[in-house]
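Biologist: I am new to this protein and would like to know how its descriptions are justified. Could you show it to me, and then explain the terms as we go?

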Amino acid sequence: MKKICVLMGSPRINGNTAELLKPFMAKLSEDGCRVDYITLHDKGIKPCMGCYACQHAAGRYGCALNDDAHGIMDAIIAADLVVFATPIYSWYCTAPMKALLDRHFGLNKFYGSVDRQSLWAGKQIAIIATHGYDREYACQPFETGIKRLCEHSELEYIGMYTVRDEDNLASFRTEDAVSGAVAFATYCQ
């Protein structure tokens, strides 16, 4: 059974991104995947302090900050696939997701006393994004950042599914949007 961690970055728990995730996660569950759905907006995720404490913690996340990022990182480590689901604001993900992405530092032991290791090496990474501009213009900066993160962290980037907001929630309930989300779920397995 494939374990999938969906990190939901939208501050709107029932908004566009959540709507697009419904058929995606339903298909994964229907096909026997275990889906761990984590909303980020209601979590306490402090910004990285750049203290490097995590770089001296072998075999564990090891961040000095005491917040919800520890449990989220445990879910990421336990997953086979991590899905970054986010609306695109100002050409990048939302602030809670960006804070979490900055905190990935503790998953990679590349800069301290610990022998080089990535606690999440080999995981698959995917993106589900909602956006207002056309796909390339809106999503390319975020996708490029995630691809670079994957290369640096020894992860496998498997792709991105996006839908443009042209009519609020109705945009994410169209036959094309729903069938695309289902097809992307099948592809991600």
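Modeller: Accessible areas come from the Shrake-Rupley method with a 1.4 Å probe, and the model they are computed on here is a predicted one. By that method the accessible surface of the protein comes to about 8800 Å², and carbon and sulfur atoms hold 50% of it.

Biologist: How do you know whether the radius of gyration of the protein agrees with that of a compact globule?

Modeller: The globule rule is 2.2 Å times the number of residues to the power 0.38; because 189 residues would then give a compact globule a radius near 16 Å, and the protein has 16 Å, the two agree. Along its principal axes, the C-alpha trace spans about 50 × 35 × 25 Å.

Biologist: What makes a residue count as buried, and what percentage of the residues is buried?

Modeller: A residue is buried when its relative accessible area is under 20%, and 51% of the 189 residues in the protein are buried.

Biologist: Why is a set of residues called a nonpolar core, and how many residues has the largest one here?

Modeller: Such a set is called a core because its members are buried residues of kinds such as Leu, Ile and Phe, joined through side-chain atoms within 4.5 Å. The largest has 36 residues, and Leu7, Ile76, Phe84, Phe142 and Ile146 are those with the most contacts inside it. Its largest share, 6 residues, comes from α4. Another core, of 24 residues, lies apart from it and includes Phe24, Met25, Ile158 and Tyr161.

Note on methods
Residues numbered from 1 in each chain as written. Predicted model: local features only at pLDDT ≥ 70, side-chain atom pairs only at ≥ 80, totals over all residues. Heavy atoms only, no water. Buried < 20%, exposed > 50% of the residue type's maximum accessible area, 1.4 Å probe, protein only. Helix = DSSP H or I, 4+ residues; strand = E, 2+ residues; numbered from the N terminus.
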